[in-house]
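Reader: I should like to learn how to read an annotated site and its surroundings in a model. Could we proceed feature by feature?

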Amino acid sequence: MRVLGVDPGLTRCGVGVVEGVAGRPLRMLGVGVIRTGADAAIGDRLVLIERGIEEWLDIHRPECVAVERVFSQHNVRTVMGTAQASAVAMLCAARRGLPVALHTPSEVKAAVTGSGRADKAQVGSMVTRLLRLDAPPKPADAADALALAICHIWRAPATNRLQQAVAAHRTTSTARPSGTTSTVRTTKGRIS
């Protein structure tokens, strides 16, 4: 599986591509940051992020895009910028028919380090170790993008099995119209 991880942000949008399967060594195919100027208009910044993500999709041809799920912070302006960059990444993937997976920061940290409360340095250190790199990717947004891709590769098989089980359950539940019951009548020990 080849996954493009996106750590969304308006000023620095981390991107990283990881290839592999759960239980086997993973391989980094690319890592970087799409940068926009803080003084540029928001629309221009989003266009630059879109172009950057499209370029990564063209070059690496991932099978899936994993994006950090936006969560509420105290700084509403930061959350809005992150949400806008996140939406651009999801739009680029959807336009190509690629599945998008959203992972929370604590979910990614737990998958990569074993602790949902790990700091940026711990995430960078584990990404370096897991991908057998010489040094942690800089800035932290780049390491976070790789961590998102790793998290998705490791969690996708379990998530897919869960989704298949839910879908199978819904199929069997809808096969029998709701509210219908079968009536069993017995006549002197016989079931009819």
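Author: Let us begin with Glu68, which lies in strand S4. The model is a predicted one.

Reader: Is Glu68 buried or exposed?

Author: Burial is judged from relative accessible area, with under 20% counted as buried. Glu68 has a value of 15%, so Glu68 is buried. Its contacts beyond four places in sequence are Val6, Asp7, Pro8, Ser86, His103, Pro105 and Leu148.

Reader: Where does UniProt place the feature "active site"?

Author: The unreviewed UniProt entry puts it at Asp7, Glu68 and Asp141. These residues span 135 residues of sequence, yet they cluster in space, with a largest C-alpha distance of 11.0 Å.

Reader: In which helix is Asp141 found, and what does Asp141 contact outside its neighbours within four places in sequence?

Author: Asp141 belongs to helix H5 (residues 140-175). Asp141 is buried, because its relative accessible area is 11%. Its contacts outside that sequence window are Asp7, Arg12 and Gly14; with Arg12 there is a side-chain polar contact of 2.7 Å.

Reader: How should one read the sheet, and in what order do its strands stand?

Author: Strands in a sheet pair through backbone hydrogen bonds, parallel or antiparallel. Here 5 strands form an open, mixed sheet ordered S3-S2-S1-S4-S5. Strands S3 (27-35) and S5 (100-103) each have a single partner strand, so one side of each lacks a neighbour in the sheet. S1 (residues 2-7) and S4 (residues 64-68) pair in the parallel sense over 4 bridges, and Gly5 stands opposite Ala66 in S4. Helix H2 (residues 76-95) packs on the sheet, touching S1, S4 and S5.

Reader: Where does pLDDT stay under 50?

Author: Low-pLDDT coordinates should not be read in detail. That applies to residues 181-187, where pLDDT stays under 50; the protein average is 88.

Terms used
Residues are numbered from 1 along each chain as its sequence is written. This is a predicted model: local features need pLDDT of at least 70, side-chain atom pairs count only at pLDDT 80 or more; totals for chains, interfaces and linings use all residues. Side-chain values use heavy atoms; hydrogens and water are left out. Two strands pair if DSSP finds at least two bridges between them. Helices (H or I, at least four residues) and strands (E, at least two) are DSSP runs, numbered from the N terminus. Contact means heavy atoms within 4.5 Å. Axes are lines fitted to C-alpha atoms, for helices over the stretch in contact, and angles run from 0 to 180 degrees between N-to-C directions. pLDDT is the predictor's confidence in each residue, from 0 to 100. UniProt positions are given in the numbering used here, feature names are shortened, and annotations may be inferred rather than shown by experiment. Buried means under 20% relative accessible area, exposed over 50%, partly exposed in between (1.4 Å probe, protein chains only). A polar contact is a pair of N or O atoms within 3.5 Å; within protein, one must be able to donate a hydrogen and the other to accept it, and residues adjacent in sequence count only if both atoms are side-chain atoms.
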